[in-house]
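Thanks for coming. I will go through one structure, sheet by sheet, and then look at a few side chains. Please keep the picture open while I talk.

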Amino acid sequence: MAGAVWKGSLEFGLVNIPIGLFPAENSEEFELHMLDKRDLAPVGYNLINKTTGDSIDRSHVVKGYEYEEGRYVVLSEEELKAANAEATQTVDIVGFVAAEAIPMYFFDRPYYLAPEKKGLKAYALFREALKKSKKVGVARVVLRTRQYMAAVYPMDNILVLQLLRYAGEFRDVKDLDIPASTTKGSTVSAKELAIAIELIGKMAESWRPATYHDEYHDQLMTYIERKAKTGRGR
């Protein structure tokens, strides 16, 4: 297990628990590099040939996969699509499960699915069927250069496609020092547990996502704007 990417504390009420933040995902992205098609040298985002240091024209940029260190196979957009032509344009639903059957930590990035004009009736029918059955569609979809597992479900009147992580993407937790369950071998007493449960109950509330926003971003932008005007952040 990699080291902690962040260390701090988990707080609620007067409770403060020192914690470390460890990456749980072991992503297997298929990475393509920008290359100068004349010598297959890597190209920076500012269109600089990293070998010669020369600026190059965008027309000379191609995409390539590094199969060995410093050695690339150039791939065109047509070749990427040809690898699985149907999957690149299809959300292929392979089954249906209860929404609560998918653990929250599997959920990744959401997308809206909107119908084309010819698909309005079928879209509405599928949406209402999902609502009535209280099921979630489990699908496969290819985005860019990777196939994802996804969940398709209704949110009010729109369908959402939520990318899911594969089970194999989660890192093993065996190297982390985690306390034992409260049912056996734990240092947590029944009284302490009862107090913690009572505190959670007092802080329970309805889910209102609109009340939350990125306060750190707001404060940082205020600091930047002030520094841009005065030369000082404070």
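One definition before we start: a residue is called exposed when its relative accessible area is over 50%, buried when that value is under 20%, and partly exposed in between. K202 has a relative accessibility of 65%, so K202 counts as exposed. I will use these words throughout. Also keep in mind that this is a predicted model.

Let me stay with K202 for a moment. The side chain of K202 meets that of E198 in a salt bridge, with 3.6 Å from N to O. Where do these two sit relative to each other? They are 4 residues apart in helix α3, which means about one helical turn separates them. E198 is partly exposed, because its relative accessibility is 46%. As general background, side chains of opposite charge can pair when their charged atoms come close.

Now the sheets. One is an open sheet of 5 strands, and the order is β7-β9-β10-β11-β8, with antiparallel pairing. Which strands stand at the edges? They are β7, residues 92–98, and β8, residues 107–113; each has a single partner strand, so one side of each has no neighbour in the sheet. On average, and ignoring direction, neighbouring strands here are turned by 35° against each other.

Let us walk across part of this sheet. Strand β9, residues 135–143, runs antiparallel to strand β10, residues 146–155, and 7 bridges join them. Find A139 in the picture: its bridge partner in β10 is A150. Now carry on from A150, whose bridge partner in β11 is L163. Strand β11 covers residues 158–164, and its antiparallel pairing with β10 runs over 7 bridges. The link from β10 to β11 is a hairpin with 2 residues between the strands, and D156 in that turn has a positive phi of about 60°. Moving on to the edge, β8 and β11 are antiparallel too, paired over 5 bridges. There, Y112 has V160 in β11 as its bridge partner.

While we are here, look at the loop between β7 and β8, which holds I102. Is I102 buried or exposed? It is buried, because its relative accessibility is 13%. Leaving out residues up to four places away in sequence, I102 touches V97, F107, V136, A151 and L164. Take L164 from that list: it is 62 residues from I102 along the chain, and the two C-alpha atoms are separated by 9.4 Å.

Another contact across the chain is a salt bridge between the side chains of R165 and D108, at 3.6 Å from N to O. R165 is in the loop between β11 and α3, D108 is in strand β8, and the pair links parts of the chain 57 residues apart. R165 has a relative accessible area of 17%, so it is buried, whereas D108, at 34%, is partly exposed.

The structure has 6 salt bridges. One of them joins E128 to K131, with the closest N and O atoms 3.7 Å apart. These two are 3 residues apart in helix α2, residues 120–133, so they too are separated by about one helical turn. R127 is linked with E128 and K131 in a network of salt bridges.

Next, the open sheet of 4 strands, in the order β4-β3-β5-β6, again with antiparallel pairing. Its edge strands, β4 and β6, each pair on one side only. Between β5 and β6 there are 4 bridges, and in β6 the bridge partner of Y65 is V73.

Two loop residues deserve a look. In general, most residues other than glycine have a negative phi. L40, in the loop between β3 and β4, has a positive phi near 60°. L47, in the loop between β4 and β5, also has a positive phi near 60°. How do they differ in accessibility? L40 is partly exposed, at 32%, while L47 is buried, at 15%.

Last, the surface. Y216, L220, M221 and I224 make a nonpolar patch of about 380 Å². Y216 is in helix α4, residues 215–230, and it counts as exposed because its relative accessibility is 60%. That is where I will stop.

How values were computed: Residues numbered from 1 in each chain as written. Predicted model: local features only at pLDDT ≥ 70, side-chain atom pairs only at ≥ 80, totals over all residues. Heavy atoms only, no water. Pairing = 2+ DSSP bridges. Buried < 20%, exposed > 50% of the residue type's maximum accessible area, 1.4 Å probe, protein only. Patch = residues over 30% accessible without salt bridge, like charges linked within 9 Å, V, L, I, M, F, W, Y side chains within 5 Å. Areas by Shrake-Rupley, 256 points an atom, 1.4 Å probe, with all protein chains shown as cover. Salt bridge = Lys/Arg side-chain N within 4 Å of Asp/Glu carboxyl O. Axes fitted to C-alpha atoms, helices over the stretch in contact; angles between N-to-C directions. Contact = heavy atoms within 4.5 Å.
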